Amino acid sequence: MSRQIIHTDNAPKAVGTYSQAVKVGQTVYISGQIGLNPTTMQLADGFEDQANQVLSNIEAICQAAGGSLSDVVKYNVSLVDLANFNALNEIFTARLPQPYPARAAVQVAKLPKDALVEIEAIVFLESVS
């Protein structure tokens, strides 16, 4: 099975030695995204704005891979403060279609660029393009 590197200018360029995403067969592994604006490479202000930007970045990568947020089967969320967990749930409810995918959420000490949230995703595409 071959692997394909997924890249879009509609999501932030990698800030390290990784790809935005890697597609293997029908599965796409999206690297952890923080709330960077892809045009300015500046971090959004506050938790809600960062979390929404993260989902926009993930959505752009899903689209570049031939899918959408509805194709995500698992999110792994890292929060600097679990006090933002309820706000995260509200944002996910507003942005994601049901049925909701699997998800893990953990509190971490620090994230790149002092971000407040980082989310990685696994996407399953029904048909391989």
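**Close-up views of a predicted model**

**View 1. A salt bridge joins Asp114 and Lys110.** In this predicted model, the side chains of Asp114 and Lys110 form a salt bridge in which the closest N and O atoms are 2.3 Å apart. Side chains of opposite charge can pair in this way when their charged atoms come close. Lys110 has a relative accessibility of 59%, and because exposed means over 50%, this residue counts as exposed. A search of the whole structure finds two salt bridges, and the next view turns to the pair formed by Arg95 and Glu59.

**View 2. A salt bridge links helix α2 to helix α1.** The side chains of Arg95 and Glu59 meet here, with a distance of 3.5 Å from N to O. Arg95 belongs to helix α2 and Glu59 to helix α1, so this pair ties together parts of the chain that are 36 residues apart in sequence. Both partners are partly exposed: Arg95 has a relative accessible area of 25%, while Glu59 has a relative accessibility of 28%.

**View 3. Tyr75 and Phe92 form an aromatic pair.** When the whole structure is searched, one aromatic pair is found. The ring centres of Tyr75 and Phe92 are 5.1 Å apart and their planes stand at 65°, so the pair is described as edge-to-face. Tyr75 sits in strand β4, which covers residues 72-79, whereas Phe92 sits in helix α2, which covers residues 85-95, and the two residues are 17 residues apart. Which of the words buried or exposed fits Tyr75? With a relative accessible area of 0%, Tyr75 is buried, and Phe92, at 7% relative accessibility, counts as buried too. Phe92 has a further neighbour in Arg103, which lies over the face of the Phe92 ring at 5.0 Å from the ring centre.

**View 4. Helix α1 packs against several other elements through its buried residues.** Helix α1 runs over residues 46-64, and its 19 residues reach 27 Å from the first C-alpha to the last, close to the 27 Å expected at 1.5 Å a residue. The buried residues of this helix include Phe47, Ala51, Val54, Leu55, Ile58 and Ile61, but polar residues such as Gln50, Gln53 and Asn57 are also among them. Packed against these buried residues are β1 (3-6), β2 (21-24), β3 (27-33), β4, α2 and β6 (117-124). After α1 comes Gly66, whose phi is positive, near 100°.

**View 5. Gln20 is a buried residue in a loop.** Gln20 is found in the loop between β1 and β2, and its relative accessibility of 3% means that Gln20 counts as buried. The side chain of Gln20 makes a polar contact of 3.3 Å with the side chain of His7, and it also reaches the backbone oxygen of Pro12 at 2.8 Å. If residues up to four places away in sequence are not counted, the residues that Gln20 touches include Thr8, Ala11, Tyr29, Ser31 and Ile61.

**View 6. Asp71 lies in the loop between α1 and β4.** Which residues does Asp71 touch, not counting residues up to four places away in sequence? The contacts of Asp71 are with Ile122, Val123, Phe124 and Leu125. A separation of 22 Å is found between the C-alpha atoms of Asp71 and Leu36, two residues that are 35 residues apart along the chain.

Conventions. Residues numbered from 1 in each chain as written. Predicted model: local features only at pLDDT ≥ 70, side-chain atom pairs only at ≥ 80, totals over all residues. Heavy atoms only, no water. Phe/Tyr/Trp six-rings, centres within 6.5 Å; stacked < 30°, edge-to-face > 60°. Helix = DSSP H or I, 4+ residues; strand = E, 2+ residues; numbered from the N terminus. Buried < 20%, exposed > 50% of the residue type's maximum accessible area, 1.4 Å probe, protein only. Lys NZ or Arg CZ within 6 Å of the ring centre and 35° of its normal. Expected span 1.5 Å × (residues − 1). Contact = heavy atoms within 4.5 Å. Salt bridge = Lys/Arg side-chain N within 4 Å of Asp/Glu carboxyl O. Polar contact = N/O pair within 3.5 Å; in protein donor to acceptor, adjacent residues only side chain to side chain.
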